[in-house]
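Let's walk through this one together, going from a helix pair to the ligand. Have the 3D view open as you read.

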Amino acid sequence: MSDEEDDIILSELDDEELVQQMFDDLYDGLREEIEEAVNILLERKWTPYRVLTDALVGGMTVVGNDFRDGVLFVPEVLLAANAMKGGMVILKPLLAETGAPQVGKMVIGTVKGDIHDIGKNLVGMMMEGAGFEVVDLGINNPVETYLEAIETETPDILGMSALLTTTMPYMKVVIDTLAEKGIRDDVVVLVGGAPLNEEFGRAIGADAYCRDAAVTVDTAKEYMARKHNQLKAAN
Ligand code: B1M
């Protein structure tokens with residue numbers, strides 16, 4: 001931490017300055033500062049939803065954009081996501097009480113035979129940062145686990161991750177099983193992982209291949225906007 005940052009007393013900043021400082025602190029991955037600032041805003045009678053959207057999601061959008069543009073790299077994004085988590089831990093129970101609208105819900109897991117989870121975790125954190133509820137199934141998931149989670153969690157989006165050329169074909173097993181069970185159209189299927197590409201995503205019948213966490217957030221938001229427009233048109 002720089003001397004200048006040492007001198008900043010968060011509680012002495014006005015709301016606008018404090019939010020700007022939170023953007024900087026998220027960017028720098030400063031979890032304790034974020035937790036303190038979240039508590040200050042709550043004491044100033046900000047609603048938990050406003051703290052989430054204006055301060056945390058706003059700050060993570062800056063991080064997400066710089067990650068997408070190659071300005072920030074994985075370690076920095078993980079630190080920022082960790083700082084964001086600190087704020088989320090405080091806000092989560094309050095949000096549940098006040099019934100803040102969720103952007104959408106995602107179930108995500110790494111496929112059977114594959115134990116890589118760093119990328120998946122990053123995607124999950126960025127999605128939470130963007131206001132999605134995320135149910136993380138962890139690693140090495142057989143099709144049955146995905147099916148069960150779709151039934152119990154009724155997510156808008158199913159995310160699958162694979163890092164091995166030997167495990168990526170398993171994504172097709174999951175999608176084909178969803179089709180066999182007649183529930184393929186109940187969820188938007190997004191897939192990602194280093195060895196995948198657009199063509200593979202299309203070939204296995206996914207709705208989209210997501211190159212990275214930022215693209216996943218953008219793609220998920222697009223699908224949710226479409227879903228809301230369809231619901232509006234139907235009513
Ligand atoms: Co593994 N491994 N590994 N490994 N490992 C790779 C993938 C490999 C490319 C390394 C290499 O040989 N150059 C290679 C695969 C080769 C291939 O398939 N052709 C490989 C191998 C071979 C193996 C083992 C078989 C090694 C062995 O035991 N002989 C073994 C497999 C175990 C298994 O899974 N059954 C293995 C084990 C491991 C470790 C346990 C040591 C460790 C994993 C630790 C962990 O995840 N907790 C590991 C690691 C760290 C890697 C590398 C070095 C890094 C992966 C990573 O975390 N990247 C990797 C080499 C590489 O990729 N350069 C490698 C950072 C992460 C942020 O990026 O995961 O790509 P990534 O995620 C991105 C995007 O892909 C996307 O967004 C993320 C963020 O931007 N994304 C999604 C990912 N999932 C998404 C899901 C979505 C959307 C986007 O859903 C909607």
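**Two helices and a ligand**

Start where two helices touch: L122, V123, M126 and M127 of α6 meet A213, T216, V217 and A220 of α10. Sort the residues of this contact by class and you get seven nonpolar, one polar and no charged. Keep in mind that you're looking at a predicted model.

Now for the geometry. Two packed helices are described by the angle between their axes and the distance between those axes. Here α6 and α10 pack at about 45°, with their axes 9 Å apart. That angle falls outside the ranges for roughly parallel, antiparallel or perpendicular, so α6 counts as oblique to α10. As for handedness, α6 passes α10 in a right-handed crossing.

On to the ligand. How many residues surround it? There are 27, and the closest are I115, H116, D117, S161 and T165. One of these, S161, puts a polar side-chain atom 2.7 Å from a nitrogen atom of the ligand. The backbone joins in too: a polar backbone atom of A213 is 3.3 Å from a ligand oxygen, and a polar backbone atom of I118 is 3.5 Å from an oxygen atom of the ligand.

Which elements give two or more residues to this shell? They are α6 (118–129), β3 (157–161), β4 (188–192) and α10 (213–234), so both helices of our pair turn up again. The biggest share comes from α6, with four residues. By class, the shell has 14 nonpolar, nine polar and four charged residues.

Note on methods. Residues numbered from 1 in each chain as written. Predicted model: local features only at pLDDT ≥ 70, side-chain atom pairs only at ≥ 80, totals over all residues. Heavy atoms only, no water. Near = heavy atom within 4 Å. Polar contact = N/O pair within 3.5 Å; in protein donor to acceptor, adjacent residues only side chain to side chain. Nonpolar A, V, L, I, M, F, W, Y, C, P; charged D, E, K, R; others polar. Axes fitted to C-alpha atoms, helices over the stretch in contact; angles between N-to-C directions. Parallel < 35°, antiparallel > 145°, perpendicular 65-115°, else oblique. Left-handed = near helix turned anticlockwise from the far one by under 90°. Contact = heavy atoms within 4.5 Å.
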